[in-house]
Amino acid sequence: MTERALRLGTRRSRLAMAQSGQVAQAVRQLTGRAVELVEITTYGDTSREHLAQIGGTGVFVTALRDALLRGDVDFAVHSLKDLPTAQPDDLALAAVPPREDPRDVLVARDGLTFDRLPDGARIGTGSPRRMAQLNAYARSHGMAIETVPIRGNVDTRIGYVRSGELDAVVLAAAGLNRIGRIDEVTDFLAVDLVLPAPGQGALAIECAAVNADLIAALAELDDPYTRAAVTAERSLLAALEAGCTAPVGALADLLADGQVVTEMRLRGVVGTTDGSTLVQLSTTGPVPTSHGDAIALGRELASEMLAKGAAGLMGERAR
């Protein structure tokens, strides 16, 4: 008797389907089992409100996690940056595959790069993190830009530029790569200009904690360097979230001496959305060899950022 197909829970967006399709293919090759995609609509997909208003992280995840716990699906694929930082006990993060390009990118009219945008350029993004850093960069370089909050899928967002409503939009490189539209990018934004969201470009493969055999099989897809990096980034985010509501960017990258990876550098930024104040710091240490080491790296940088005034940027979060 052949084993039944594994059911992979996915959001319905084109990007989610592309990501999940790639993971499904990898799991088929790994396990020899059929994998079928089960489309699940999440609150974040149906709500018309801006992400910042409906709670940001978690809105794309809850319905998938509920389906996992009910046993409607065997595993789920998330964009890691959508996951809340606290991992539920009854769910396991079985694998974090190798990360795609973590950078943000610009899709602008007339092939313009960020530095060549006209004065008063209208730039669309739904992310307070991107707004804070773009506005800060513009202020420090004597540029006048207006950041415009937008929502919607990639087609909708790029459509604002094509229709002339906006001069540019900012998106994640990884998403455009995964749906085969990276050639529409007019500028790759250096991480010195805009630090990405914690976990940006990485995927999370999650299943029920009781499903030990599946967890063991999926673990083959895990990339230890990517997992260490995103664990440090998310640890920074979790520690800052406790102390401030300001938007956070973070990136951990590996520093190599020739072919040998020697250290991990973690950079973090937190700021006001108008860009008037940014706290940006980095730390470098040995590559974390355990989950606890990666957590500690993030917490250490977060405490330095809080000491430098990150907590006061948008008011202490009500306890």
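The following dialogue reads two sheets and two helices of a predicted model.

Trainee: How do strands of a sheet pair, and what is the strand order in the open sheet of 3 strands?

Mentor: In general, pairing takes place through backbone hydrogen bonds, in either a parallel or an antiparallel sense. In this predicted model, the open sheet of 3 strands runs in the order E11-E12-E13, and its pairing is antiparallel. Strand E11 (248-257) and strand E13 (278-286) are at the edges with a single partner strand each, so one side of each has no neighbour in the sheet. On average, neighbouring strands of this sheet are turned by 15° against each other, direction ignored.

Trainee: How many bridges join E11 to strand E12?

Mentor: Strand E12 covers residues 260-271, and 10 bridges join E11 to E12. One pair to inspect is Asp 257 with its bridge partner in E12, Val 260.

Trainee: Which helices lie across these strands?

Mentor: Helix H9 (residues 224-241) lies across E11 and E12, at about 145° to E11. Helix H10 (residues 291-307) lies across E12 and E13, and runs at about 35° to E12.

Trainee: What is the strand order in the open sheet of 5 strands, and which strands are at its edges?

Mentor: The order is E2-E1-E3-E10-E4, and the pairing is mixed. Strand E2 (35-39) and strand E4 (91-95) are the edge strands, each pairing on one side only. From one strand to the next, the twist averages 35°. For a parallel case, take strand E1 (residues 6-10) and strand E3 (residues 75-79), joined by 2 bridges. Leu 8 stands opposite Phe 75 in E3. Helix H4 (residues 62-70) packs on this sheet and touches E1, E3, E4 and strand E10 (203-208). The direction of H4 makes about 165° with that of E3.

Trainee: Turning to single helices, which residues of helix H6 are buried, and where do they fall around the axis?

Mentor: The general idea is that an α-helix has 3.6 residues a turn, so residues three or four places apart point the same way. In helix H6 (residues 154-162), the buried residues are Val 154, Arg 157, Ile 158 and Val 161. Viewed down the axis of H6, these buried residues fall within an arc of 90°, so they line one face of the helix. Their cover includes strand E5 (104-108), strand E8 (168-172) and helix H7 (173-178).

Trainee: What caps the N-terminal end of H6, and what takes a positive phi just after H6?

Mentor: Asn 153 provides the N-terminal cap, with a side-chain oxygen 3.2 Å from the backbone nitrogen of Asp 155. Just after H6, Gly 164 has a positive phi of about 85°.

Trainee: What span should H10 have, and how far apart are its end C-alpha atoms?

Mentor: At 1.5 Å a residue, the 17 residues of H10 should span 24 Å, and the end C-alpha atoms are 25 Å apart, which agrees.

Trainee: Which residues of H10 are buried, and which are exposed?

Mentor: Ala 294, Ile 295, Leu 297, Gly 298, Leu 301, Ala 302 and Met 305 are buried in H10. These residues cover an arc of only 155° around the axis, which places them on the same side of H10. Arg 299 and Ala 307, on the other side of H10, are exposed. H9, E12 and E13 are among the elements that cover the buried residues of H10. After H10 comes Gly 309, with a positive phi near 110°.

Technical notes:
Residues numbered from 1 in each chain as written. Predicted model: local features only at pLDDT ≥ 70, side-chain atom pairs only at ≥ 80, totals over all residues. Heavy atoms only, no water. Pairing = 2+ DSSP bridges. Helix = DSSP H or I, 4+ residues; strand = E, 2+ residues; numbered from the N terminus. Axes fitted to C-alpha atoms, helices over the stretch in contact; angles between N-to-C directions. Contact = heavy atoms within 4.5 Å. Buried < 20%, exposed > 50% of the residue type's maximum accessible area, 1.4 Å probe, protein only. Arc of directions from axis to C-beta. Polar contact = N/O pair within 3.5 Å; in protein donor to acceptor, adjacent residues only side chain to side chain. Expected span 1.5 Å × (residues − 1).
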